[in-house]
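Please open the structure in a viewer and keep the selection tool at hand. The tour below proceeds one selection at a time.

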Amino acid sequence: MAKNRITDPMDALVGLQTALDDGIVTLTPCELHSDLAVLLDQPTDKPRFTYAFIEKNKVIAVALFVLTESVQSIPCFSIGYAVVDSRRRNSIGSRILLQAIDELRHGLSRNRVSEFYLEAIVSTENIPSNKLARRLISDSPKPGTDCFSGEPILQYLRKVECVP
C-alpha cells in the first residue's frame, strides 16, 4: 500500500497548466494586480481561489486558498503556494502570496466579510516554504502531525482584516 503524502501545491500548478493547455478553464484578470489572474472553483464542494502568474501561456506560480473549518466562528482558508523550479529564489513566491492575499481581502470585503484566517500546513522538511510562511503568515507556528500522511508539520495561522 502506498504511503499518503502531505498535499503538494505543485500538483495544483501542474494541473492548472494542463487545464489551461486543454482549454478546460479560463482565468479572470485580478482587480488590484494586473499581473495576477484568478480561478474560482469548487472541486470538493468548498470554494477554492487559485491565483496564478502566467508568462507566455505558462503558469509560473500559484497561490491557493480553500475554505476550511472556521476558527473562532471566523472563516478560515487553507493556503498553499508553488513556484516552478526554474523561477525559484526570485521572490516570486512572496510576491504571489502577498498579491493573492490582497485580492482575496479585497473580494471578500465586497461581500461584507470583515475578517478571515489563513492557515498554512507545511512539512517540516520543506525549508523554503517554511521560511515564506514564517515571514508572511506567522512567526510562531505550532508543531504537529499531518492527519493524512503522518508527516511532521508546522501550522501557521494568521488573522486578516478586510479593508472596506
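The stops below move from the sheet to the helices and then to the aromatic rings. Please bear in mind throughout that this is a predicted model.

**Stop 1: the sheet**

Begin by displaying the strands. They form an open sheet of 8 strands in the order β1-β2-β3-β4-β5-β6-β8-β7, and the pairing is mixed. Select β1 (28–29) and β7 next: these are the edge strands, each of which pairs on one side only. As general background, the strands of a sheet pair through backbone hydrogen bonds, either parallel or antiparallel.

**Stop 2: strand β8 and its neighbours**

Select β8 (residues 152–161) together with β6; the two run antiparallel and are joined by 9 bridges. Within this pairing, V122 stands opposite L154 in β8.

Now add β7 (residues 142–145), which pairs with β8 in the antiparallel sense over 4 bridges. Which residue of β8 is the bridge partner of G144? The partner is I153. Likewise, P143 has L154 of β8 as its bridge partner. L154 is therefore a useful residue to keep selected, as it stands opposite V122 and is also the bridge partner of P143, with strands counted as paired when at least two bridges are found between them.

Follow the chain from β7 to β8. The two strands form a hairpin with 6 residues between them, and G150 in the turn has a positive phi of about 80°.

**Stop 3: helix α1**

Select residues 9–21, which make up helix α1. This helix packs on the sheet and touches β2 (37–41), β3, β4 (58–71) and β5, with its direction at about 120° to that of β4. Helix α1 has 13 residues and reaches 19 Å from its first C-alpha to its last, close to the expected 18 Å.

Which residues of α1 are buried? They are P9, M10, L13, L16, Q17 and A19. The cover over the buried residues of α1 includes β2, β3, β4 and β5. In general, an α-helix has 3.6 residues a turn, so residues three or four places apart point the same way.

**Stop 4: helix α2**

Move to helix α2 (residues 92–110). It lies across β3, β4, β5, β6 and β8 and runs at about 50° to β4. Within the residue range of this helix, select R95 and show F53 as well: the charged end of R95 sits over the ring of F53, 4.3 Å from its centre.

**Stop 5: the aromatic cluster**

Finally, show the side chains of F49, F77 and F116, which ring pairs link into a cluster. The count of aromatic pairs comes to 3. In one of them, the rings of F49 and F77 have centres 6.1 Å apart and planes at 70°, so the pair is edge-to-face. F49 lies in strand β3 (residues 48–55) and F77 in strand β5 (residues 74–83), so that this pair links parts of the chain 28 residues apart.

Is F49 buried or exposed? At 17% relative accessibility, F49 counts as buried, and F77, at 4%, counts as buried too.

Turn next to F77 and F116. Their ring centres are 5.7 Å apart and their planes are at 85°, so this pair is edge-to-face. Because F77 lies in strand β5 and F116 in strand β6 (residues 115–123), the pair ties together parts that are 39 residues apart in sequence. Both F77 and F116 are buried.

Methods. Residues numbered from 1 in each chain as written. Heavy atoms only, no water. Phe/Tyr/Trp six-rings, centres within 6.5 Å; stacked < 30°, edge-to-face > 60°. Buried < 20%, exposed > 50% of the residue type's maximum accessible area, 1.4 Å probe, protein only. Lys NZ or Arg CZ within 6 Å of the ring centre and 35° of its normal. Contact = heavy atoms within 4.5 Å. Axes fitted to C-alpha atoms, helices over the stretch in contact; angles between N-to-C directions. Expected span 1.5 Å × (residues − 1).
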